[in-house]
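User: I am new to this structure and would like to know how its descriptions are reached. Could you take me through the reasoning?

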Amino acid sequence: MDKNQMPCELQFTSADISVGHTPILHDLSLSIPRGQITVLLGPNGCGKTSLLQCLNGMSSVSSGSLTYQGESLIDMPERKRARKIAFLPQVRSIIPSIPVHTLVEHGRFPYQGFSRRPNAEDRRLVDQAMKACGILSFADRSVDTLSGGMRQRVFLAMVLAQATPLIVLDEPTTYLDPKSQNEIMDLVTSLRDRGKTVIMVLHDLAQAARTADHLVIMSDARRVIASGPKEEVLNTSAISDVFGVSMHRVSIDGGWHYLFF
Ligand SMILES: Nc1ncnc2c1ncn2[C@@H]1O[C@H](COP(=O)(O)OP(=O)(O)OP(=O)(O)O)[C@@H](O)[C@H]1O
């Protein structure tokens, strides 16, 4: 299918978004396409996290609408939402002192009964997620003994084990070295290639330009000023308007690479 005509996964329409009782975003309308990687870019404090947090209930839509594949998310029970959307928040300050496989199993909670006893299908999906993230050999290690890059893989495996069509990642590469960042981006790309929809916040413009299919640019005024297929958005002045940098495209080995300065 033409990437410009992918069906819509998420739709915000004239949405006012609040954190607690504090209004953060006003009259936001935005479509997120299915089966693509959407990257949300914008300066600190423009409301990226608040926008995403409507998807895990940490912020709320106080007027307007938010739908997932046409179904309202606003009143959707938490457990049902968690079978559709997996959410990895920004860097966590508290790292659990539990084995890797136990943390990854948390991804199966939305499917389990009160006892939370994993069945064969849960165990299969947990193993599959750990394999995809390259952490099977760490299964018995305590999460708090791992490096930052490896921890991020473990959290990603937990999100994968949730087996949702939509994955939301808030700054998944922060504090990681370049190699670990590339590995996480490769993983994200492989998720998209397996049919998942991914939305993530990044701060690295080159990484965003390399990885995204679809770009959303927000401004200091907490507005979406550009949204669309990557090439279309990169051809506007949105990035230079918001970040004060110019984009330069260079061809290396037949592929395009983006530099911003
Ligand atoms: N719980 C809260 N109560 C009041 N204001 C809040 C709360 N959470 C966020 N805000 C404010 O909302 C605005 C948007 O914050 P948000 O974290 O969504 O921005 P962001 O674009 O994700 O920033 P960053 O890039 O720094 O992570 C900021 O001005 C922030 O101070």
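**Reasoning through a predicted model**

Analyst: Happily! Helix H4, residues 120-132, has 13 residues and reaches 18 Å from its first C-alpha to its last, close to the 18 Å expected at 1.5 Å a residue. Please keep in mind that this is a predicted model.

User: What makes Leu125, Val126, Ala129 and Met130 count as buried in H4?

Analyst: The cut-off for buried is 20 or more other C-beta atoms within 10 Å of a residue's own. Leu125, Val126, Ala129 and Met130 are buried in H4.

User: How do you know that these buried residues are on the same side of H4?

Analyst: They cover an arc of only 135° around the axis, and therefore lie on the same side of H4. In general, an α-helix has 3.6 residues a turn, so residues three or four places apart point the same way. The buried residues of H4 pack against helix H3 (100-105) and helix H5 (148-161), while Ala120, Glu121, Arg124 and Lys131 are exposed on the other side. After H4 comes Gly134, with a positive phi near 70°.

User: Why is Tyr175 called exposed?

Analyst: A residue is exposed if 12 or fewer other C-beta atoms lie within 10 Å of its own. Tyr175 has 12 C-beta neighbours inside 10 Å, so Tyr175 counts as exposed. You can find Tyr175 in the loop between strand E7 (166-170) and helix H6 (178-193).

User: What does Tyr175 touch, not counting residues up to four places away in sequence?

Analyst: Tyr175 touches Val91 and Gly148. Tyr175 and Val91 are 84 residues apart in sequence, yet 8.5 Å apart in space, C-alpha to C-alpha.

User: What makes E2 and E5 the edges of the open sheet?

Analyst: The sheet has four strands in the order E2-E1-E4-E5, with antiparallel pairing. Strand E2 (22-33) and strand E5 (71-72) each have a single partner strand, so one side of each is left without a neighbour in the sheet.

User: How do you know that E4 and E5 pair?

Analyst: Pairing needs at least two bridges. Two bridges join strand E4 (residues 60-68) to E5, so the two strands pair. Tyr68 stands opposite Glu71 in E5.

User: Which element gives the most to the shell around the ligand?

Analyst: That is H1, with three residues. Helix H1 (48-52) and E2 are the elements that give two or more residues to this shell. Among the residues surrounding the ligand are Val19, Thr22, Lys48 and Ser50. By type, the shell divides into three nonpolar, eight polar and one charged.

Notes. Residues numbered from 1 in each chain as written. Predicted model: local features only at pLDDT ≥ 70, side-chain atom pairs only at ≥ 80, totals over all residues. Near = placed C-beta within 6 Å. Nonpolar A, V, L, I, M, F, W, Y, C, P; charged D, E, K, R; others polar. Expected span 1.5 Å × (residues − 1). Arc of directions from axis to C-beta. Contact = placed C-beta atoms within 7 Å.
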